[in-house]
Amino acid sequence: MDVKHYYNPHGEEILDEKIYGGNPTGFVDFNKSKYRWDSNIYDLMNANTWFPSEVNTSTEKKNFDKLSPNEQSIYKMTFAQLSFNDSAQEEYLSDFRSLASNRLVKSTITLQMMQEVNHSKSYAVLLDACGNSDEVFNLYKYDDMLNQKNQKIAEQFARHIEGGSADKMLLSAMASVNLEGIYFLLGFSYIYLLGDKVPGARDMIKFIARDELNTHLPLFANIFKTIQKENKIQTSTIDSAYTMIEEAVQIELEYGKYLLQQFPIMGTTEELMERTVYNYANDRLKKIGLRPIFKQSETTYLQKLVTKHQEMNEVKSNFFESNVSNYAKSSIDLNDF
Ligand SMILES: [Fe+2]
Ligand SMILES: [Fe+2]
């Protein structure tokens with residue numbers, strides 16, 4: 001890496017820095033935000049800061065032991081998969097960040113990386129309290145479908161991460177839109193279905209879901225739209241973005257249906273899962289400025305569960321004095337388009 005990478009006094013003005021390409025000078029100045037959404041999302045991420053120790057996990061083992069065998073399996077298989085998502089996301093973000101030029105966007109990604117690590121820590125704290133940490137973290141070795149889902153997510157992350165063009169960077173961003181916006185969602189709703197039976201897991205997921213859906217997804221949706229706006233992106237690249245979200249829907253439904261077939265629990269059907277994932281995928285496409293392509297249906301019970309817990313979390317967050325600022329900041333504009 002040459003010296004200019006760190007300090008480039010003849011580089012461009014901060015307000016001219018694009019996400020892809022260009023010649024950044026090397027300063028982070030939060031008073032000069034080219035996009036506004038970057039510093040808004042940074043502030044909201046900071047306001048939402050939480051620690052696993054804020055969640056009461058003292059009765060998790062007792063509660064887990066009272067679950068039915070199917071519910072216990074859903075619990076373990078869900079955390080086995082979600083914990084992979086966060087581990088992979090941290091590593092991916094570090095690689096994606098190196099493709100970007102705009103320093104404020106990079107700084108926001110840095111904070112996101114910290115939050116993904118915090119999520120990994122929270123799974124460890126929860127599963128340790130539950131007494132099955134080793135078992136859950138090792139499930140990928142014994143379950144083919146779990147292993148396959150992880151493998152496919154990893155493959156999407158790796159596909160365009162070498163960069164080298166705005167088109168490749170755009171598709172790399174798409175992998176993250178899929179992760180934040182699709183691969184977590186059935187997992188979140190399973191834990192919410194167990195709900196009051198495992199309040200430790202439920203509350204931990206509420207915090208994680210708030211980070212993923214309120215800040216990480218908007219960050220990558222804005223990154224996607226901005227790369228598209230700032231560069232001449234080929235039609236075939238947009239076609240590839242559609243293909244990637246179609247794959248994501250398939251990956252999410254494959255694992256979801258597998259869990260349901262193996263461990264049926266109350267209130268879920270394959271059809272409900274399909275409608276839920278299609279609706280989410282359409283919403284994500286709209287968020288990145290593309291046309292929805294999946295069959296749209298009424299908001300489903302699982303979506304409502306996720307939304308309800310998001311809203312409860314907004315109220316709950318007031319309980320933690322340090323996070324009172326959430327209220328003030330949750331209404332800020334995260335989208336300049
Ligand atoms: Fe995460
Ligand atoms: Fe995330």
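What spacing do the donors of the iron ion (ligand 2) follow along the chain? They follow E-x63-E-x31-E-x3-H. Hello everyone, and let me set the scene before we look at that site. This is a predicted model, where local features need pLDDT of at least 70, side-chain atom pairs count only at pLDDT 80 or more, and totals for chains, interfaces and linings use all residues. Residues are numbered from 1 along each chain as its sequence is written, chains are lettered from A and ligands numbered from 1 in the order in which they are written, and side-chain values use heavy atoms, with hydrogens and water left out.

Now, the metal site. Donors here are N, O and S atoms within 2.8 Å of the metal (3.2 Å for Na, K and Ca), and since water is not among the atoms, sites may look incomplete. The iron ion (ligand 2) is coordinated at 1.9 to 2.5 Å by OE atoms of Glu 116, Glu 180 and Glu 212, with Glu 180 listed twice, and by ND1 of His 216. The iron ion (ligand 1) sits 3.4 Å from the iron ion (ligand 2), and Glu 116 coordinates both. Glu 116 belongs to helix α4 (residues 103–130) and Glu 212 to helix α9 (residues 199–230), so the pair ties together parts that are 96 residues apart in sequence. For those names, helices are DSSP runs of H or I with at least four residues, strands are E runs of at least two, and both are numbered from the N terminus.

Are these two glutamates buried or exposed? Glu 116 is buried at a relative accessible area of 1%, and Glu 212 is buried at 0%. Buried means under 20% relative accessible area, exposed over 50%, and partly exposed in between, with a 1.4 Å probe and protein chains only.

Let's stay with α4 for a moment. It has 28 residues and reaches 41 Å from its first C-alpha to its last, close to the 40 Å expected at 1.5 Å a residue. That expected span is 1.5 Å times one less than the number of residues. At the N-terminal end, Asn 102 caps α4, with a side-chain oxygen 3.0 Å from the backbone nitrogen of Leu 104. I call that a polar contact: a pair of N or O atoms within 3.5 Å, where within protein one must be able to donate a hydrogen and the other to accept it, and residues adjacent in sequence count only if both atoms are side-chain atoms. Just after α4, Gly 131 takes a positive phi of about 85°.

On to α6, residues 144–159. Its 16 residues should span 22 Å at 1.5 Å a residue, and the end C-alpha atoms are 22 Å apart, which agrees. Its buried residues are Leu 146, Lys 149, Asn 150, Ile 153, Gln 156 and Phe 157. Seen down the axis, they fall within an arc of 120°, so they line one face of the helix; the arc is that of the directions from the helix axis to the C-beta atoms. On the other side of α6, Asp 144 and Gln 151 are exposed. The cover over the buried residues includes α3 (69–97), α7 (166–183) and α10 (235–262). At the start of α6, a side-chain oxygen of Asp 143 comes within 3.1 Å of the backbone nitrogen of Met 145.

Next, the core. A nonpolar core is a set of buried Ala, Val, Leu, Ile, Met, Phe, Trp, Tyr and Cys residues joined through side-chain atoms within 4.5 Å. The largest one has 100 residues, and those with the most contacts inside it are Tyr 75, Phe 79, Phe 96, Phe 188, Phe 220 and Ile 223. Its largest share, 14 residues, comes from α9. Not counting residues up to four places away in sequence, Phe 79 touches several residues, including Tyr 123, Val 136 and Ile 205; contact means heavy atoms within 4.5 Å.

Finally, a look at the segment before α1 (37–47), where we find Ser 33. Ser 33 counts as buried at 18% relative accessibility. Its side chain reaches the backbone nitrogen of Arg 36 at 2.9 Å, and a polar contact of 2.5 Å joins the side chains of Ser 33 and Asp 38. Arg 36 lies in that segment too, and has a positive phi of about 70° although it is not a glycine. Most residues other than glycine have a negative phi. As for α1, 8 of its 11 residues are buried, among them Trp 37, Asp 38 and Ser 39. Thanks for listening!
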